[in-house]
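Let's walk through this model together, one question at a time. Have the sequence and the 3D view open as you read.

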Amino acid sequence: MPGGPPRLVRLSDYVGHYASTRPESEAVVFGAQRLTYAQLDLEVDRCARALARAGVGLGDRVAMLTTPRTEFIVTLMATLRLGAVWIGINPRYRLEEMAHILDDSRPRVFLSLLRDPDGRDYRPDLVALKARPWVSPFEIITFPDRDDAIGPSLADLIQEAQGDCRPAPHTASPTDAAVIVYTSGTTGRPKGAVLGHGALVYAYEAVSRSFVGKEYVREGMRILCNLPPNHIGCLSEMVGNTIIRGGALILADRFNPAEAIAAIARERVTVFGGVPAMLQMVVQDPAFATADLSSLKMIGWGGAPAPAGLVSILAGTGAHLFTNYGLTEGGAIVSATPPDSDLETLATTVGAPVDLMEHRLALEEGGLAPPGEIGEIQLRGPGLFLGYWNDPAATAAALTRDGWLKTGDLAYATPEGLWTLKGRRGEMFKSGGYNIYPREIEQALEEHPDVALATVVEIPDPLYFEVGHAFVCAHPGARPSERALIAHLKERLANYKAPKRIHVLAAMPMLPIGKVDKHRLREIARGGAA
Ligand code: AMP
């Protein structure tokens with residue numbers, strides 16, 4: 001972009017760049033904490049020394065369970081500065097979900113928040129993780145405080161490392177691993193998508209390409225950042241895109257509609273976005289009608305379509321609206337609606353593919369979909385992941401032989417060249433912006449001693465876009481209650497994965513070929529007779 005930021009490799013390089021060119025610009029706001037770029041750069045440097053003292057070097061993994069808060073930004077940037085690889089663990093995960101990621105990624109250190117803002121205490125989980133035998137042991141570091149039963153705090157480590165030398169500088173390339181984003185998968189267990197520095201910078205370039213020359217993306221960006229830090233949308237669209245522009249991140253460590261509205265007004269937020277379910281809750285909050293939202297220049301959403309009613313309420317704010325489509329493995333922003341799109345375009349399409357990547361709509365039987373016909377979105381280019389961590393078979397299955405990513409998303413192109421999504425190949429569904437894979441939930445249900453067989457299907461939901469319904473058949477003589485099964489699931493899986501209802505059936509409806517009749521189950525879930 002003419003007159004825009006320079007081309008640097010790592011997000012952390014931009015922190016250093018703005019620390020020298022605009023040291024007094026605000027970079028991070030979290031409650032009463034405020035850091036300018038000069039201060040952020042200093043904190044990143046101190047944190048990098050502390051991580052180096054804890055043994056983190058080139059290519060090592062740094063796992064972190066955190067909400068959006070200052071330690072997240074500082075540790076992420078310090079990790080990248082060291083040439084190490086950052087891994088976010090969703091703060092909603094339960095013990096076994098955390099253990100899987102730690103076991104799979106083999107980090108050098110695991111940094112964890114002690115309590116979340118809603119009162120969840122992570123200490124029992126951390127004590128249990130510390131006691132386990134690990135093939136590749138790691139140190140647990142806590143924040144914001146220390147806990148003697150667990151290990152040192154980040155603040156202690158930073159204090160101790162103050163006299164240490166700066167870690168030796170190194171040259172990074174866009175294809176060096178920067179972060180690993182764990183996404184649930186068809187086989188049940190989350191897989192780690194490895195993203196290079198180039199893929200993180202790509203999201204910024206994609207936004208710039210879609211809104212080139214628009215004053216509202218160039219100047220004084222202040223974004224409300226309230227997505228989980230382990231999600232690609234938080235890492236590249238929110239954090240990366242803002243830091244590359246030298247903007248300010250207004251961090252909110254949980255999503256609460258009234259708090260989001262108050263933060264927009266108080267901090268003069270210019271860019272606000274999230275998944276449609278979040279925006280829906282914001283517009284339904286009584287404070288929405290009266291709050292001063294005049295600072296907002298852009299409101300965006302992705303992850304699921306926004307209903308037309310929501311789009312027209314958002315238009316009433318006077319902000320520019322946009323939606324985009326993207327995915328962890330293929331670049332956070334693959335397509336985006338053109339600036340100043342009308343409401344129908346915003347509600348029914350995911351915009352035009354960004355021309356930084358090769359893209360095509362492929363037919364299942366081979367060849368490309370003719371104009372107006374549905375095909376699978378396939379991608380090749382700089383936004384793509386580097387592969388799944390330690391899983392070459394899964395990586396190979398995600399790509400065609402000539403390197404196109406098979407997204408699983410089905411779409412057709414309108415005569416104007418905009419994509420309309422028409423569903424997915426495979427089993428995944430979306431709930432509140434999260435990808436849900438039925439097999440992961442079915443497996444967890446089948447671990448219950450009373451459950452012989454479990455099947456999970458999705459049905460439409462006005463707020464969350466889709467929600468899951470589970471159907472179980474019990475072992476002979478067993479009579480599990482829905483409550484007991486939900487409690488069983490919530491011990492094992494993040495709460496957003498728990499189905500809305502669990503129906504106990506005497507027998508699963510079957511298709512003549514011996515497969516479970518999911519179509520029939522969806523009818524039952526929608527209220528049809530069992
Ligand atoms: P994730 O990897 O968590 O970012 O999820 C990516 C998936 O979310 C995509 O493969 C799509 O199925 C879905 N998705 C992303 N953006 C949109 C959108 N704007 N509308 C509908 N579905 C979307």
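Q: Which residue has a backbone N or O atom 2.8 Å from a nitrogen atom of the ligand?
A: This is a predicted model, so every distance here is a computed one. A polar contact needs a pair of N or O atoms within 3.5 Å. The 2.8 Å pair joins a ligand nitrogen to the backbone of a residue that is also listed among those that come nearest to the ligand. That residue is Asn324.

Q: How far is the polar side-chain atom of Asp409 from an oxygen atom of the ligand?
A: Asp409 is one of the residues that come nearest to the ligand, along with His231, Asn324, Thr328 and Lys430. Here a polar side-chain atom of Asp409 faces a ligand oxygen, and the distance is 2.6 Å.

Q: What share of the ligand's accessible area does the protein cover?
A: On its own, the ligand has 500 Å² of accessible area. With the protein around it, the covered share of that area comes to 92%.

Q: Which element gives the largest share of the shell around the ligand?
A: There are 19 residues around the ligand. Two elements give two or more residues to this shell: strand 20 (419–424) and strand 13 (320–327). The largest share is five residues, and it comes from strand 13.

Q: Which residue offers a polar backbone atom 3.1 Å from a nitrogen atom of the ligand?
A: This pair again involves a ligand nitrogen, and on the protein side a polar backbone atom. The residue 3.1 Å away is Gly303.

Q: How far is Asp285 from the nearest side chain of opposite charge?
A: Asp285 sits in the loop between helix 11 (276–284) and helix 12 (287–290). It is buried and yet has no salt bridge. A salt bridge requires the nitrogen and oxygen to be within 4 Å. The nearest side chain of opposite charge belongs to Arg254, at a distance of 12 Å.

Q: Which residue's backbone nitrogen does the side chain of Asp285 reach?
A: Leaving aside neighbours within four places in sequence, Asp285 is in contact with Pro257, Ala258 and Ile261. Its side chain also reaches a backbone nitrogen at 3.0 Å, and that nitrogen belongs to Ala287.

Q: Are Arg81 and Asp41 buried or exposed?
A: The side chains of Arg81 and Asp41 meet in a salt bridge with an N to O distance of 2.6 Å. The pair links distant parts of the chain, 40 residues apart: Arg81 is in helix 3 (residues 70–81) and Asp41 in helix 2 (residues 37–53). As for their surroundings, Arg81 and Asp41 are both buried.

Q: Why does Arg492 count as partly exposed?
A: Arg492 forms a salt bridge with Glu447 at 3.4 Å, N to O. Glu447 lies in the loop between helix 16 (438–446) and strand 23 (451–461), while Arg492 is in helix 17 (residues 482–492), 45 residues apart. Glu447 counts as exposed because its relative accessibility is 53%. Arg492 counts as partly exposed because its relative accessibility is 26%.

Q: Which residues are joined into one network with Arg266 by salt bridges that share partners?
A: Arg266 meets Glu267 in a salt bridge at 3.9 Å, N to O. Arg266 counts as exposed because its relative accessibility is 57%, whereas Glu267, at 6%, counts as buried. The residues joined with Arg266 in the network are Glu26, Arg34, Arg222 and Glu267.

Q: What is the relative accessibility of Val74?
A: Val74 is found in helix 3. Beyond its neighbours within four places in sequence, Val74 is in contact with Leu40, Glu43, Val44 and Cys47. Val74 counts as buried because its relative accessibility is 8%.

Q: How many of the eleven residues of helix 4 are buried?
A: The buried residues of helix 4 are Leu95, Glu97, Met98, Ala99, His100, Ile101, Leu102 and Ser105. Helix 4 (residues 95–105) is therefore largely enclosed by the rest of the structure, and the number of its buried residues is eight.

Note on methods:
Residues are numbered from 1 along each chain as its sequence is written. This is a predicted model: local features need pLDDT of at least 70, side-chain atom pairs count only at pLDDT 80 or more; totals for chains, interfaces and linings use all residues. Side-chain values use heavy atoms; hydrogens and water are left out. Helices (H or I, at least four residues) and strands (E, at least two) are DSSP runs, numbered from the N terminus. Buried means under 20% relative accessible area, exposed over 50%, partly exposed in between (1.4 Å probe, protein chains only). Lys and Arg count as positive and Asp and Glu as negative; His and the chain ends are not counted. A polar contact is a pair of N or O atoms within 3.5 Å; within protein, one must be able to donate a hydrogen and the other to accept it, and residues adjacent in sequence count only if both atoms are side-chain atoms. Contact means heavy atoms within 4.5 Å. A residue is near a molecule or strand if one of its heavy atoms lies within 4 Å of it. Accessible areas come from the Shrake-Rupley method with a 1.4 Å probe; for residues, only the protein chains shown count as cover.
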